[in-house]
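Here is a quick tour of a model you can follow on screen. Keep the sequence and the 3D view open as you read.

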Amino acid sequence: MNFKLQCRECKAIYEPEPKFVCERCLGPLEVVYDFKEVKFSVDVLKGRKKNMWRYSEVIPVRSVPEQFMDIGFTPLYKSSRLGKLIGLKEFYIKNDTLNPTGSFKDRPASVAIIKSLEFGFKAVGTSSTGNLAAAVAALSSRVGLSSFVLVPSNTELSKVAQAIAYGSNVLLVNGNYDELNFLTLQLAESGLYGLANVNLRPYYAEGSKTLAYEIVEQLDWSLPDKIIIPMASGALLYMIWKGLNELKELDLVENKDVALIGVQPQGCSPIVSAYKNGQNNPIISDCKTVAKSLAIGNPADGRYAIKVIRDSKGLAVDVTDEEIVNAMKLLAKYEGIFAEPAGAITIAALIKLVNNGIIKSDEQVICLVTGSGFKALEIFEEDVRRLRANPIEANLQVIESQIIR
Ligand SMILES: *Cc1c(COP(=O)(O)O)cnc(C)c1O
Ligand SMILES: [Zn+2]
């Protein structure tokens, strides 16, 4: 195996086990590769399937089960209509709503599930704001592993419905994500279960990095100027940074800075607040936002997200719920992409930053759209209710009189 675990703080090295904290300093562990041993180049990709496993040399699994799912290699659209409306010449949308369970969480969850098989866990579990629950449920069912998911009781209907449908043991808990996460930390101590975001976290996180590899490949092995990324725990943003650095180390791209812009909703923005106040350890106690996937008050990778935002010469911004819902509608109306609030939040941030003059019209910008609108239909419940209250008569003349040309 060409990878090990390494402490992000003291750099101590460990063999790859189900392990996530450093014994010496309690820092988080992450996967590191021996890039002298890794044989990965543009050539090896020829003829490989267009999914995230095309980068298997830099994903820490022994092998991918036959007939696993086609996750990743989602489209990178060059936007014309929305880009024009916002005032950008080179604006791209990475549409990760198109993964099997409707969010980017299929990427990390799939690595966690495969590692659970490799480590011999009989069951895999996770705490989740909803999307990870759906992904863990689906992918464990796919390989015949039993799963349990802890979700806050206010999680959207469709996310809970997905986890139920996939046959997971759904534990709907009266508590917020941070409380649930603390419970899964304690569950990990028995060593009986694989927990996606606890004892499997170093492996799990590597799945998200494939987004960076894909973007760079889809841009014909060049780097964009800026990437706008939603933040909950901060893991996705950190892993985009890690992926970009690996690509530089592998000599697959030029060595230029890509500014990483992290976004949070104003009602739950511990990372953005800490960034703005020059602090390093984000934590808040209360979260209230329409972007429920992002409602984490005590973000596990918060301090590292702040560090890499600074190192990349990026920025952290927050947007209001109103700006988020407006962005959802614009993205759907101008690009035909239906995203949940946590996915459209990057569009809201882009609009804000272009209006502030922080992003210039000739910059090459990418927005990650991480989750599908089908996961938060509640947003449009009122609109549908209004239509249902007054259905139109099934009469041609009445119908014609109502059509807007
Ligand atoms: C989980 C999630 C995020 C953020 O992920 P973190 O890695 O926790 O920062 C963003 N968007 C969606 C839709 C998510 O489900
Ligand atoms: Zn350490």
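## Ground rules

Buried means under 20% relative accessible area, exposed over 50%, and partly exposed in between, using a 1.4 Å probe and protein chains only. This is a predicted model, where local features need pLDDT of at least 70, side-chain atom pairs count only at pLDDT 80 or more, and totals for chains, interfaces and linings use all residues. Residues are numbered from 1 along each chain as written, chains are lettered from A and ligands numbered from 1 in the order written, and side-chain values use heavy atoms, with hydrogens and water left out.

## The zinc site

Four cysteine sulfurs hold the zinc ion (ligand 2): the SG atoms of Cys7, Cys10, Cys22 and Cys25, at 2.2 to 2.4 Å. Donors here are N, O and S atoms within 2.8 Å of the metal (3.2 Å for Na, K and Ca); water is not among the atoms, so sites may look incomplete. Along the chain, the donors of the zinc ion (ligand 2) are spaced C-x2-C-x11-C-x2-C.

Cys22 is buried, at 0% relative accessible area, and Cys7 counts as buried too, at 1%.

## The nonpolar cores

A nonpolar core is a set of buried Ala, Val, Leu, Ile, Met, Phe, Trp, Tyr and Cys residues joined through side-chain atoms within 4.5 Å. The largest has 84 residues, and Ile227, Ile240, Leu244 and Leu368 have the most contacts inside it.

Beyond its neighbours within four places in sequence, Leu244 is in contact (heavy atoms within 4.5 Å) with Ala212, Val216, Leu223, Ile227, Val258 and Leu260. Apart from the largest core lies another, of 35 residues, including Val317, Ile345, Ala349 and Ile359.
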